[in-house]
Amino acid sequence: MGDLKSAISTFFAGLLFGVGLTISQMVNPAKVIAFLDISGDWDPSLAIVMVSALANTFFGYRYIFRTSKPLFSSEFRLPKRQDIDARLILGAVLFGIGWGLVGLCPGPAISGLTFAGLNVILFLSSMLITIVGFRVITRK
Amino acid sequence: MENFTPISASVGGALIGLSAVFLMWSVGRIAGISGILGGLFTATKNDRLWRVSFLIGLILGPTLVSFWNEELLDVTFPVQGSFLILAGVLVGLGTQLGSGCTSGHGVCGNARLSMRSLIATATFMITGIVTVFILKHFVGG
């Protein structure tokens with residue numbers, strides 16, 4: 001039963017995320033590039049999306065973490081690492097280059113599946129194959 | 001800044017934040033898309049269902065919006081073809097190596113005041129900006 005409740009709530013969380021990405025137009029690569037292109041006709045919308053999402057999450061998390069555990073699960077699963085290593089930086093550099101090349105990151109790419117056509121399918125397939133390959137190779 | 005859309009950006013961003021809060025409140029998980037997706041391939045059976053249902057919701061979100069405003073689904077790709085494949089590899093590898101993307105580090109990690117997320121966010125913002133600058137001024141397009 002717990003499984004069903006989790007699945008339903010995570011479905012709604014995903015739906016809400018997809019609706020947010022669409023309303024804010026973050027599913028549109030041209031909109032993302034217009035933010036990253038500071039030397040052109042700069043569009044700061046993405047920064048507003050980030051700040052708004054961040055502020056809501058910041059206050060929401062504070063409220064939630066007063067409770068001892070989530071509704072449908074035994075514990076909050078939070079990353080514990082705090083060290084800054086080369087892997088983190090290299091990963092962020094590679095991700096930033098890929099993001100800047102086309103204006104797509106994982107969320108909007110997945111949300112684009114039903115309407116963004118072949119372009120997003122090319123990107124997603126390539127991303128998925130890389131992720132699976134990485135996970136298989138680095139699996140302990 | 002003629003294309004600046006502060007209201008839809010604030011509303012959309014707030015919904016993304018609410019989604020992250022709701023996911024933490026209900027199942028205690030970080031709303032990081034690259035992590036949710038990547039974990040799908042190494043997760044145990046018990047850990048898989050919530051990931052799949054989140055991703056199905058994420059895919060259906062735009063359809064829900066389209067009943068209200070179809071124009072929001074008109075998207076433009078500044079580059080095409082092999083660039084998309086190359087970018088897919090970089091984003092796939094980068095998010096797995098760096099343990100996160102715009103959502104996991106940019107929203108959830110920064111909301112937890114994680115230093116790793118702050119550094120990662122600053123790094124991919126800067127490299128993204130530099131990449132667009134180089135493409136525009138030296139590669140053309």
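This note goes through a nonpolar core, a pair of packed helices and one buried aspartate in a model that is predicted.

1. The largest nonpolar core contains 74 residues, and those with the most contacts inside it are Trp99(A), Phe123(A) and Phe54(B). The element that gives the most to this core is helix H1 of chain B, residues 6-27, which supplies eight residues.

2. Phe54(B) is worth following in the structure. When its neighbours within four places in sequence are left aside, Phe54(B) is in contact with residues of chain A, namely Thr10(A), Phe11(A), Ala13(A), Gly14(A) and Phe17(A), and also with Ser19(B), Leu23(B), Ile33(B) and Ile36(B).

3. Two packed helices are described by the angle between their axes and the distance between the axes. Here, helix H6 of chain A (residues 117-138) packs with helix H4 of chain B (residues 82-97) at an angle of about 40 degrees, and their axes are 7 Å apart. Among the residues that make this contact are Leu122(A), Phe123(A) and Met127(A) on H6(A), and Leu84(B), Gly88(B) and Val91(B) on H4(B). Sorted by class, the contact has 12 nonpolar, six polar and one charged residues. The crossing in which H6(A) passes H4(B) is right-handed.

4. Asp37(A) lies in the loop that runs between helix H2 (29-36) and helix H3 (45-64) of chain A. Is this residue buried or exposed? Asp37(A) counts as buried because its relative accessibility is 14%, and the limit for buried is under 20%.

5. The side chain of Asp37(A) makes a polar contact, at 3.1 Å, with the side chain of Lys136(B). Not counting residues up to four places away in sequence, Asp37(A) touches Trp42(A), Val132(B) and Lys136(B).

Terms used
Residues numbered from 1 in each chain as written. Chains lettered and ligands numbered in written order. Predicted model: local features only at pLDDT ≥ 70, side-chain atom pairs only at ≥ 80, totals over all residues. Heavy atoms only, no water. Core = buried A, V, L, I, M, F, W, Y, C linked by side-chain atoms within 4.5 Å. Buried < 20%, exposed > 50% of the residue type's maximum accessible area, 1.4 Å probe, protein only. Helix = DSSP H or I, 4+ residues; strand = E, 2+ residues; numbered from the N terminus. Contact = heavy atoms within 4.5 Å. Axes fitted to C-alpha atoms, helices over the stretch in contact; angles between N-to-C directions. Left-handed = near helix turned anticlockwise from the far one by under 90°. Nonpolar A, V, L, I, M, F, W, Y, C, P; charged D, E, K, R; others polar. Polar contact = N/O pair within 3.5 Å; in protein donor to acceptor, adjacent residues only side chain to side chain.
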